[in-house]
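The following exercises concern the pockets of a protein model. Please study the sequence and the structure before reading the solutions.

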Amino acid sequence: MSAEAGLNRTLTLDIVRVTEAAALAASNWIGLGDKNAADGAAVEAMRRAFDTLAIDGTVVIGEGEMDEAPMLYIGEKVGIFAKSGGGTSVDIAVDPLEGTTLTAKNGPNAMATLAIAPKGGFLHAPDIYMDKLAVGPGLPKDVVSLDASMEQNLKELAKAKGCSVSDLNVCMLDRDRHKELLKACRAAGARVMLIPDGDVAGVVAVSQPETGVDMYVGWGGAPEGVLAAAALRCIGGQMYGRLIYEDDTQIARAREMGITEPNKIFRLEEMASGDVMFAATGVTHGSMLKGVRRFPGGAYTHSVVMRSASGSVRFVEAKHNFATKPAAFIA
């Protein structure tokens, strides 16, 4: 199946069950200070849940290389038809727990995420940094650029939105590596929202007027960049990403994964193309999703599922009865 071919629309609700499983498992570790345990629980539950999907899936954005991750590693085959073939052939991008530290500290916006596209639909990004720039929908094409200064980008965005730079709110991760970026934003007169973790949620926020975020900037994980691009393909917006390399080994790894131009700026459609589906389930409460809410014998979850082909965005609230729910979904 080519990247332009469509996916079975019933998958949109099927993949929600996978993110629900990961979120429920991770919720056992909210606020307990052990981010590795939370992440491990989410990974294991998501991997088991994939075995219920009628797909022939290949993980292209996952938990690392085969010798680094016991499951959901890059290249792993998942789904009912993974061994036999015959099902829908798809590429899969996952982050079973986006915001491991947020979960450990009971901070906002931790969630379980995944995206699905036809074969070849996702940029095969190595686990390195990506310089990211994202704005919301309804703006002129290429209104901002990774090659432009922060001041110029803010001026152009304000002009396109019919406001002043001082009205703009820029979101970025609160990291030392962003000191100069932060200084440039404030010098230009823009407001800055610093977030501790969770840059998938940060990028997606530009497409949601209620968040007040006009632009997302800064370095974050490249795999998370692909997941964020998948969401924006569905919900609307513009995004650009450029890989950041620490040494020649990382450049070589990128070439092995098919990236022939190391300094290329990837557009949204180059990071996530074709009929893309994206799903996320809240683990802790956030701006887009409510976190898992437990009650004796069960829990409530809040999820979002999107599809680029139709532009549909569905929010799903589910009540889970642990006495009857399969173990794959509540571990």
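**Exercise 1: The lining of the largest pocket**

Task. State which helices and strands each supply at least two residues of the lining of the largest pocket.

Solution. In this predicted model, the helices are α2 (35–50), α3 (100–105), α7 (222–235) and α8 (248–256). The strands are β3 (88–98) and β8 (215–221). The largest share, 4 residues, comes from β3.

**Exercise 2: Size, centre and character**

Task. Describe the largest pocket by its volume, by the residues closest to its centre and by the classes of its lining residues.

Solution. Begin with the volume, which is about 840 Å³. Next, consider the lining: of its 35 residues, Asp95, Asp127, Gly221, Pro223 and Glu224 are the closest to the centre. Then sort the lining by class, which gives 14 charged, 11 polar and 10 nonpolar residues. Finally, turn to the domains: domain 1 (10–122 + 276–329) and domain 2 (129–271) each contribute at least three residues to this lining.

**Exercise 3: The second largest pocket**

Task. Carry out the description for the second largest pocket, giving its volume, its central residues, its contributing elements and its residue classes.

Solution. The volume is about 250 Å³. The lining has 17 residues, and Asp131, Leu146, Leu181, Val217 and Gly218 lie nearest the centre. At least two lining residues come from each of β5 (129–135), α4 (150–161), α5 (179–188) and β8. By class, there are 7 nonpolar, 5 polar and 5 charged residues. Strand β8 thus appears in the list for the second largest pocket and also in that for the largest pocket.

Definitions and conventions. Residues are numbered from 1 along each chain as its sequence is written. This is a predicted model: local features need pLDDT of at least 70, side-chain atom pairs count only at pLDDT 80 or more; totals for chains, interfaces and linings use all residues. Side-chain values use heavy atoms; hydrogens and water are left out. On a 1 Å grid over the protein atoms alone, a cavity is a set of points where a 1.4 Å probe fits but cannot get out, and a pocket is an open set with protein on both sides within 12 Å along at least five of seven lines; lining residues have an atom within 4 Å of a point. Grid points are joined across faces, edges and corners, and a volume is the space filled by probe spheres set on the points. Ala, Val, Leu, Ile, Met, Phe, Trp, Tyr, Cys and Pro count as nonpolar, Asp, Glu, Lys and Arg as charged, and the others, Gly among them, as polar. Domain bounds come from an automatic or database domain assignment.
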